[in-house]
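Got your viewer open? Switch to a cartoon view and follow along, selecting each piece as we get to it.

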Amino acid sequence: MVAVSVRPPTSTHHHVRSKITPTSTLHRSLGLDSCSKAPRIRLKIFDESISLGFNCEHSTVINGVCLHCDRPMASDYGIRFDYIFDGLRLTLDEISRLKVSNSNKLFAQKKLHLVLDLDHTLLHSKAFKKLTPDELYLKKQTDSNTSDGSLFVLDDAYLVKLRPFVRTFLKEASSMFEIYVCSMGSRYYVKKVAEFLDPEGNFFDSRLIAREDFKEKSKKNLDLVLGQECGTIIVDDTKSVWSDHLDNLITVQKYNYFADRHQNCKSQAEMKTDEIESEGELQNVLEVLRGIHGLFFDGLIKDVRCLPFKLLF
């Protein structure tokens with residue numbers, strides 16, 4: 001028999017996000033008592049368990065081991081939730097339970113769920129090598145202060161431009177919604193860009209769903225959002241990727257700051273202009289979200305999917 005203790009890794013970096021340990025994130029995401037001690041997982045490996053494999057009646061598995069009974073599980077057991085905790089898998093029954101439980105807790109706080117796209121919805125990114133000659137001036141105007149800047153360099157290879165009003169939008173929306181990011185970008189990219197949008201870690205926590213989490217690479221869904229669909233609103237610039245959840249979707253106008261080969265006019269970057277914060281797309285979306293939130297908690301609707309978003313927005 002081999003016994004292995006699995007503990008969350010410690011960090012020596014003094015970054016704001018380092019205060020959020022994997023275990024505390026897991027506790028919050030799965031609705032566990034945040035004051036309880038971190039679970040110490042002991043992996044007991046028996047030859048017969050490895051050769052035969054088995055399924056446990058318990059609901060939560062981390063790195064192939066049941067969180068409740070310490071037994072090794074089949075490699076394909078449950079649904080992956082790596083965005084919450086690397087190696088986390090949940091059963092369908094547990095996912096359903098958590099969706100109801102988390103929504104009920106949020107509803108009691110007068111909050112709904114909000115799922116946000118990144119690219120062309122909250123920001124626009126472009127590789128240095130693809131900048132037009134009239135956009136190269138921007139490389140000298142990037143911000144080093146992530147708290148109030150809007151133009152950043154990613155890995156010395158990309159420019160990331162935040163959409164005007166985005167920080168106010170996130171702050172106001174977070175008072176009414178629990179916010180998820182759902183992007184077709186890689187997990188690395190999503191985490192990096194989220195730090196530009198949310199440098200203090202106030203809005204997203206671990207709720208960053210990336211392309212590695214999707215079964216279908218050209219399609220998004222709400223399967224990994226731990227909330228009921230009746231209380232979930234999606235904001236995205238691309239309608240086609242949400243074909244299974246159109247009743248939850250608010251489609252916004254694309255934010256194209258840099259030149260786009262599909263456009264025949266100069267880009268906003270080339271013209272040195274931008275959206276006006278007080279009249280921009282995110283300001284309009286925020287007003288719609290406030291309206292939906294009010295209707296829901298005033299008891300006028302019980303399901304956000306019954307609203308004709310196309311008429312509201």
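Start with an open sheet of four strands, whose order is 4-3-6-5 and whose pairing is antiparallel. Keep in mind that you're looking at a predicted model. Select strand 4 (65–66) and strand 5 (79–80): these stand at the edges, each with a single partner strand, so one side of each has no neighbour in the sheet.

Now add strand 3 (residues 60–62), which runs antiparallel to strand 4 and is joined to it by two bridges. Click on Ile62, and opposite it in strand 4 you'll find Val65. Next, bring up helix 3 (residues 92–108), which packs on this sheet and touches strand 3, strand 5 and strand 6 (88–90). Turn the view to compare directions: helix 3 makes about 90° with strand 6.

**Next stop: strand 7**

Select residues 112–116, which form strand 7. Are these residues buried or exposed? Five of the five are buried. Show the side chains: Leu112, Leu114 and Leu116 point one way, while His113 and Val115 point the other way.

What pairs with strand 7? Strand 11 is one partner, running parallel to strand 7 and joined to it by five bridges. Here Val115 stands opposite Tyr180 of strand 11. Strand 13 (residues 232–236) also pairs with strand 7 in the parallel sense, over four bridges. For that pair, look at Leu114 opposite Ile233.

**On to helix 5**

Pick residues 187–197 for helix 5, and colour its buried residues: Arg187, Tyr189, Val190, Val193, Ala194, Phe196 and Leu197. They pack against several elements, including strand 8 (123–127), strand 9 (151–154), helix 4 and strand 11 (177–182).

**A pair of helices**

Since helix 4 just came up, select residues 166–174, then add helix 7 (residues 281–297). The two pack at an angle of about 10°, and their axes are 10 Å apart. That angle is under 35 degrees, which means helix 4 and helix 7 count as roughly parallel. On helix 4, the contact is made by Val166, Phe169, Glu172 and Ala173; on helix 7, by Leu282, Val285, Leu286, Leu289 and Arg290. Try colouring these by type: seven are nonpolar, two are charged and none is polar.

**Zoom out**

Finally, show the whole chain, with its eight helices and 14 strands. Of its 313 residues, 48% are buried. Turn on the surface too: the chain exposes about 16500 Å², with carbon and sulfur atoms supplying 50% of that.

Definitions and conventions:
Residues numbered from 1 in each chain as written. Predicted model: local features only at pLDDT ≥ 70, side-chain atom pairs only at ≥ 80, totals over all residues. Heavy atoms only, no water. Axes fitted to C-alpha atoms, helices over the stretch in contact; angles between N-to-C directions. Parallel < 35°, antiparallel > 145°, perpendicular 65-115°, else oblique. Contact = heavy atoms within 4.5 Å. Nonpolar A, V, L, I, M, F, W, Y, C, P; charged D, E, K, R; others polar. Buried < 20%, exposed > 50% of the residue type's maximum accessible area, 1.4 Å probe, protein only. Pairing = 2+ DSSP bridges. Areas by Shrake-Rupley, 256 points an atom, 1.4 Å probe, with all protein chains shown as cover.
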